[in-house]
Each structure stands twice: as C-alpha cells, then as structure tokens.
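Please look over the structure shown here before turning to the notes below. They are written for a reader who wants to trace helix packing and pocket lining residue by residue.

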Amino acid sequence: MAKDTRDRLTAAALRLFRDVGYQATTMRRIADEAGLSLGNAYYYFSGKDELVHELYVSVQREHRDVALPRLVERAPLADNLRAALHAGLDVMTPYHGFGTTFVQQALPASSSASPFSAESGNARAMAVDLMEHVVATSKVRLPSGLRDRLPDLLWLLYLGVTLHWVVDPSPEQQRTRSLVDRLAPVVSKAVALSRLPVARGLVDDVVALTQPSSGALR
C-alpha cells in the first residue's frame, strides 16, 4: 500500500514537471493529481525537491530500457555508444524545459539528486551498467585496466552530453544530437589508440582518476 501511494505521487510529480514545469508544480498540485491529501504527500516526500531525485531514477531506468534493444552485438563501439547516447536524449526530451532546474537541484554536493550522491547510488549503478553493456556488445579490444573502468568513463561522458543538452537552445536540441554523432567516433578512436604502447602511461593516469579512492566516482 505504501509503495503504491509513493508511486502514485512520483508519477503525478513527473507528469507535472513535464507538462507544466517545475515552478508551477506545487506539493498541493502533486497531491491533487495523485488523488491524495496534502498531508499524505508530505508524509512520503518532504517537498518537491525530493521528487527531483525520483525523476533522476525514473530517467535512468527508462534510458536503460530504451537503449538496450538498440545495441547491436559485435557492432563498432562508435555505433553502440551513439545509440546509447541518443536513447538518453530521447528519454530526456519531454523534460527539456525542466532541465535547468534539475541541474540546479543536482549540482550541490549535498543534494540527494546529485549523480554522485549516496542516494543516487542505484540510479548511478544502472547508468554505469548500461555503459557496461555498450562495451560488452561492441567489437572493441581494450587494455585490461581500461576495460574495467571504461563504463565509468562513458557514464561521465554521458553526464557531459546531458549538461550540453540542458543548455542547448537549438530546435529539438539538434546541436546536442550533432555533438553525439561527432563525439562517438572520436571516443572510439581514442579507445583504439589506447592499445598502443606509447599511450600506456596516459591510460594508467586516466584509469587512476576513476578509482573509488580518488573520490571522483562512487
């Protein structure tokens, strides 16, 4: 029962964020949309800011569901990475008008909506796992150290693409779409070059940046 009520509130909030925007969405409006009392809404969520985190989780779950069928076994890394990034943009498109507010909520290190927060651990794991599928299904040869950390690096790349998308004023965010199309082959080439002996030191440095002890991830 409690889960059903929480899910109803979350679904109502996401619809309102998408349809009327963050500023126009109030806890009372969320409660009304869900067919619940305001007190019930506040029992499950301290405010609409907390529901921003639920949006992050929902987007990550839908991104995974949309992207996985688009990955092609033994396809070039550039193709599968492009497919995964475009899938993310497809999922986020209805929320573009809310994107700036979401970033403002997610940027503070103390925010539960931050991609790096403890509260976002499950959503972050889903996102990194998707990038693991991108690497696993692609036809690519990697140095052993980079193989283990590449999904994390691709997730960071996805975050960068998301930030570009948030501030992209072009129609239907075509600049971000074009960026993805140009970026995926560059990443694929960089990964291929990582196998060369001359790049070994650089690869080790990049891998070290993504180790849990560095504080950069997880």
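What follows is a briefing on three helix pairs and on the largest pocket.

The model is predicted, and every value below is computed from it. Helix α8 appears under two of the topics, in a packed pair with α9 and in the lining of the largest pocket. Helix α4 likewise recurs, since it packs with α7, crosses α1 and supplies at least two residues of the pocket lining.

**Helices α8 and α9**

- Helix α8 (residues 144–166) packs with helix α9 (residues 174–193) at an angle of about 160°, their axes lying 11 Å apart.
- Because angles over 145 degrees count as roughly antiparallel, α8 is roughly antiparallel to α9, and the crossing in which α8 passes α9 is right-handed.
- On the α8 side the contact is made by Leu150, Leu154, Leu157, Val161, His164 and Trp165, while α9 contributes Arg175, Thr176, Leu179, Val180, Leu183, Val187 and Val191.
- Sorted by class, the residues of this contact between α8 and α9 are 10 nonpolar, two polar and one charged.

**Helices α4 and α7**

- The axes of α4 and helix α7 (residues 121–137) are 9 Å apart, and the two helices pack at an angle of about 20°.
- The two helices α4 and α7 are therefore roughly parallel to each other, and α4 passes α7 in a left-handed crossing.
- From α4, the residues Tyr56, Val57, Gln60, Arg61, His63, Arg64 and Ala67 meet Ala123, Arg124, Met126, Ala127, Asp129, Leu130 and His133 of α7.
- The contact of α4 with α7 comprises seven nonpolar, three polar and four charged residues.

**Helices α1 and α4**

- Helix α1 (residues 2–19) and α4 cross at roughly 90°, and their axes come within 10 Å, which means that α1 is roughly perpendicular to α4.
- Here Arg6, Leu9, Thr10, Ala13, Leu14 and Phe17 of α1 make the contact with Lys48, Glu50, Leu51, Val52, Glu54, Leu55 and Ser58 of α4.
- Seven nonpolar, two polar and four charged residues make up the contact of α1 with α4.

**The largest pocket**

- The largest pocket holds about 390 Å³ of space, and of the 21 residues that line this pocket, Phe102, Val103, Pro115, Leu159 and Thr162 are the closest to its centre.
- At least two lining residues come from each of α4 (48–67), α6 (99–106) and α8, and α8 gives the most, with six residues.
- The lining of the largest pocket divides into 17 nonpolar and four polar residues, with no charged residue.

Note on methods. Residues are numbered from 1 along each chain as its sequence is written. This is a predicted model: local features need pLDDT of at least 70, side-chain atom pairs count only at pLDDT 80 or more; totals for chains, interfaces and linings use all residues. Side-chain values use heavy atoms; hydrogens and water are left out. Axes are lines fitted to C-alpha atoms, for helices over the stretch in contact, and angles run from 0 to 180 degrees between N-to-C directions. Helices (H or I, at least four residues) and strands (E, at least two) are DSSP runs, numbered from the N terminus. Angles under 35 degrees count as roughly parallel, over 145 as roughly antiparallel, 65 to 115 as roughly perpendicular and the rest as oblique. A crossing is left-handed if the near helix is turned anticlockwise from the far one by less than a right angle, and right-handed if clockwise. Contact means heavy atoms within 4.5 Å. Ala, Val, Leu, Ile, Met, Phe, Trp, Tyr, Cys and Pro count as nonpolar, Asp, Glu, Lys and Arg as charged, and the others, Gly among them, as polar. On a 1 Å grid over the protein atoms alone, a cavity is a set of points where a 1.4 Å probe fits but cannot get out, and a pocket is an open set with protein on both sides within 12 Å along at least five of seven lines; lining residues have an atom within 4 Å of a point. Grid points are joined across faces, edges and corners, and a volume is the space filled by probe spheres set on the points.
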